[in-house]
Amino acid sequence: MDSRSIASFNYIITIQKSEEKHMGRRGENIHKRSDGRWEARVVCGPPVEGKTNYKYLYSHTYKGVRTLKKNYLSNLSIPSDSVQDYSISFPAPISKPPENTATTNVERATAPAAVNEKEDAVLFRTVALKWLATKKLSVKESSYASYVFMVEKHLLPEFGDLTIKELDTDRIGEFLLAKKKNGSLKNGKPLSDKTVSEIKGTLNRILRYAKSLNLIHMVPDSMPISVKQPPIVVLTKQEQESIEAEAVNEDTPYSLGILLCLYTGIREGEICGLQWADFDWGDETVSIRRTVSRINNVDKESENKTQVVIGTPKTISSIRTVPLPSEIVPYLKERAGTDSIYVVTGNEKYMEPRVCRERFKHFQERAGVKYHKFHNLRHTYATNCVEQGIDIKTLSENLGHSDVNITLQRYVHPSMASKKAQVNKLTTFFTKDQARGPNRGQNYKSGDPNQGGDPGIYECVFL
């Protein structure tokens, strides 16, 4: 141990013995907070800028917080080769930082503290922040930002100060139900099933992580949430023709992007990130390699709550090469710029998705078309492909779906005319019936094939 570590360790032990000596007279430095929790205060190091360096422990019971303090002090009483490398068996819960601090919850979660897998009083907060720290290196930046938002805004306020074992089916179910009724952080209005499902999914991931650490034996069942897919809305043939005519008439980089979406089905963020370097004129294809998105900013030092990122598409399957219809290739090639130029801006600056959506709203007004979401261009492309008989596997890969069943469920819905055409193929009964003669109706009604009826007629009835 270096001199600084020894001094730090000796100071903690000295304060600990002093507290033990005067505990009966001065109390245990434990008190009940206004929010109902019990708080214990222990010295965790030498003074900082003349002020005592405390660590705060929390529990819902006096006995619980007293046990936490005892365990914490017990671990500090065991010498080690280096105080700096020592791992506390049970990390204390992390209090909400003052507004002027620049330290994030995730940064505090990665402090040198280890979760004791045998400790019954491990807090959900500790496990959740440790899980976030593992995810930071394994998921996309946008996914990580979404996880941080779900944990900090929805899960920690509800479960942060509970032990991981206190989360049971009833408690989780009540939480999800409350989110469905009035879970909006802005106005207390109901949250959509999709948002509640995402909160539940994040919670389940944390609980599975806790199970992997043997902190719980099983992940509690919780309220099932069925997320209904919104109905697919496509442009009519007339609307599509009006959109195309307006795009050709305007002849701008943005209108060119709209035509591309109609004939390739690429997503909004993908068209915003598309550059002319992504086109292969020889093969007549376009490669989808990047997407532009606005996500929550996890950097607490930044003044901006959100940030724009350019990353890879949402899944591995979304990184794809899409064939271009040969008829539009000459039109595109004439307007192509240098490799670094973004298609929808005509310069080296990308377009933000929300700007793309807003411009599409005004574009439709000029085209004389009722309002459609930008994503409906993708739906229109997929529906047109199905109607033209393009095989589903090809369509699925062009759309960047991870599973062909996603394409089947969303877009392969036969029209009523198609259903009627298929049903009209079932003509066996009437063909046989017409060959039976004038008594066929009477024999059918009698239900007795022995009275001159043909048993074959009855068989056809049940086909």
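Fifteen is not a number to take on trust, so begin by displaying the charged side chains: the count comes to 15 salt bridges in what is a predicted model. The tour visits some of these pairs, then turns to the sheet, a surface patch and a helix contact.

**Salt bridges between helices**

Select Glu-387 and Lys-237, whose side chains meet in a salt bridge with an N to O distance of 3.6 Å. Glu-387 belongs to helix H14 (residues 376–387) and Lys-237 to helix H9 (residues 237–250), so this pair ties together parts of the chain that are 150 residues apart in sequence. With the surface switched on, Glu-387 can be seen as exposed, at 53% relative accessibility, while Lys-237 is partly exposed, with a relative accessible area of 49%.

Next select Arg-357 and Glu-268, which also meet through their side chains in a salt bridge, here at 2.6 Å from N to O. This pair, too, links distant parts of the chain, since Arg-357 sits in helix H13 (residues 353–367) and Glu-268 in helix H11 (residues 268–272), 89 residues apart. Arg-357 is partly exposed at 43% relative accessibility, whereas Glu-268 is buried, with a relative accessible area of 15%.

**A salt-bridge network**

Move now to Arg-335 and Glu-334, a salt bridge in which the closest N and O atoms are 3.3 Å apart. Add Asp-251 to the selection, and a network appears: salt bridges that share partners join Asp-251, Glu-334 and Arg-335. Of the residues in this group, Glu-334 is exposed at 64% relative accessibility, and Arg-335 is partly exposed at 29%.

**The three-stranded sheet**

Show the strands as a cartoon and find the open sheet of three strands, which has the order E4-E5-E8 and antiparallel pairing. E4 and E8 are its edge strands, each of them pairing on one side only.

Start at strand E4 (residues 279–280), which is joined to E5 by two bridges, the two strands running antiparallel. Selecting Phe-279 leads across to its bridge partner in E5, Val-286. E4 and E5 form a hairpin with four residues between the strands, and in this hairpin Glu-284 takes a positive phi near 60 degrees, so a backbone view is the helpful one at that point.

Stay on E5 (residues 285–288) and colour its side chains by direction: Thr-285 and Ser-287 point one way, Val-286 and Ile-288 point the other way, and all are buried. In a regular strand, side chains alternate between the two faces of the sheet.

On its other pairing, E5 meets strand E8 (residues 320–323) in the antiparallel sense, over four bridges. Ser-287 can serve as the guide here, as it stands opposite Thr-321 in E8. Which side chains of E8 are buried, and which are not? Arg-320 and Val-322 point to one face and are buried, while Thr-321 and Pro-323 point to the other face and are not.

**A negative surface patch**

Return to the surface and select Glu-158, Asp-168, Asp-170 and Glu-174, which form a negative surface patch. Within that selection, centre the view on Asp-170, whose place is in helix H7 (residues 169–182). Asp-170 is exposed, with a relative accessible area of 56%.

**A buried valine in helix H8**

For the last stop, select Val-196, which lies in helix H8 (residues 193–212). Is this residue buried or exposed? At 0% relative accessibility, Val-196 counts as buried, the cut-off for that class being under 20%. Add Ile-225 to the selection and draw the distance between the C-alpha atoms: Val-196 and Ile-225 are 7.8 Å apart in space, although 29 residues separate them in sequence.

Methods. Residues are numbered from 1 along each chain as its sequence is written. This is a predicted model: local features need pLDDT of at least 70, side-chain atom pairs count only at pLDDT 80 or more; totals for chains, interfaces and linings use all residues. Side-chain values use heavy atoms; hydrogens and water are left out. Patches are made of residues with over 30% relative accessible area and no salt bridge: like charges are joined within 9 Å, nonpolar side chains (Val, Leu, Ile, Met, Phe, Trp, Tyr) within 5 Å. Accessible areas come from the Shrake-Rupley method with a 1.4 Å probe; for residues, only the protein chains shown count as cover. A salt bridge is a side-chain nitrogen of Lys or Arg within 4 Å of a carboxyl oxygen of Asp or Glu. Lys and Arg count as positive and Asp and Glu as negative; His and the chain ends are not counted. The place of a charge is taken as NZ of Lys, CZ of Arg, CG of Asp or CD of Glu. Buried means under 20% relative accessible area, exposed over 50%, partly exposed in between (1.4 Å probe, protein chains only). Two strands pair if DSSP finds at least two bridges between them.
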